[in-house]
Amino acid sequence: MPEGPELHLASRFVNEACRGLVFGGCVEKSPVSRNPEVPFESSAYCISSSARGKELRLTLSPLPGAEPPRGPLALVFRFGMSGSFQLAPRDALPAHAHLRFYTVPPGPPLALCFVDIRRFGHWDLGGEWQPGRGPCVLLEYEQFRENVLRNLADKVFDQPICEALLDQRFFNGIGNYLRAEILYRLRIPPFEKAREVLEALQQRRPSPELTLSQKIRAKLQNPDLLELCHSVPKEVVQLGGKGYGPESGEDDFAAFRAWLQCYGMPGMSSLRDRRGRTIWFQGDPGPLAPKGGKSRKKKSKGAQQGPEHRMEEPLLPSTAPPRTRGAHRGPPEQSRVEQPEGTGLQQDPEAPPSS
């Protein structure tokens, strides 16, 4: 499932790919998509993008003199389990291109496509970020930190920290692989009570005797959990590339795979949380671990495993070369059986609804 870094990489891709392109005509929606029609038509318009947490905003802006006269239109996308943006030749659209924006001459005929194989992605008209989402962990760090520490009485913080980290009201942009990497770096058991982990941060204040450079150095050398919620996604964005899903190509995914320390890695254990999502960790799972849940350790690559001992692993990308420019999506979830239940913000809204 694409997480905050993948949405930011997708936004960067759209801005780079669409720079200098002129789009025109109607926006075309596939007949099988249940998302709303996009009532926009212009003889000449440009496309720009921005991202916030797990959402991406496209803005369609008519150029001077375009017909019919009209103002810009904004759309907000949530990528679901498999959403991505691709730029493709108009006569060779990728499969599952559920929304299409076409270029006009003099350049080659192209289409910017929102591609969504599993169709859990969504777009809304109007350009408003989804109500209730907290500040972006990447772009609004100070507001994000204040929002968490000011609301520790919320019942979500009665939950294990691994589950609280998926609550998009407070951790907008954090998803399954990021929570594993963040907790692993701090050696925090995933099933520790969230409030107990976070309350100590309310008292954390640097010594007034330290210089600014000393304070910065101390923060970099000993970051707390909320700081890592900002810096770890930033590391993924800095990896760059085309994204980390099957269309991205082996080289891009190899860089991401080399960056991972915990998620799906040999030697790590895993448990299902209460919503059925697998959390990867090392050591003691913590006091709130599900009763009856058995921690399963991922064996080294060379270890022989029979079918009865094989555990679920994160899906690897296809090695087939991409047919389109710049696919952007996140590392896939382990399997369909660990999709979370429900679609509320506190349950990570990009997940599909339970059947």
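Here's a quick briefing on a helix pair, the nonpolar cores and some salt bridges. The model is predicted, so local features need pLDDT of at least 70 and side-chain atom pairs count only at pLDDT 80 or more, while totals for chains, interfaces and linings use all residues. Residues are numbered from 1 along each chain as its sequence is written, and side-chain values use heavy atoms, with hydrogens and water left out.

**Nonpolar cores**
- The largest nonpolar core (buried Ala, Val, Leu, Ile, Met, Phe, Trp, Tyr and Cys joined through side-chain atoms within 4.5 Å; buried means under 20% relative accessible area, exposed over 50%, partly exposed in between, with a 1.4 Å probe and protein chains only) has 45 residues.
- Apart from that one lies another core of 27 residues, among them L7, C18, L110 and F114.
- F171 has contacts (heavy atoms within 4.5 Å) with residues including V137, F144, V148 and L226, leaving out those up to four places away in sequence.

**Salt bridges**
- The structure holds 14 salt bridges (a side-chain nitrogen of Lys or Arg within 4 Å of a carboxyl oxygen of Asp or Glu).
- R100 pairs with E28, the closest N and O atoms being 2.8 Å apart. R100 sits in strand β7 and E28 in strand β2, so the pair ties together parts 72 residues apart in sequence (strands are DSSP E runs of at least two residues, helices H or I runs of at least four, numbered from the N terminus).
- R100 counts as buried at 11%, whereas E28 is partly exposed at 34%.
- R78 and E55 form another salt bridge, with closest N and O atoms 3.0 Å apart.
- Shared partners join E55, R78, D124 and R133 into one network.
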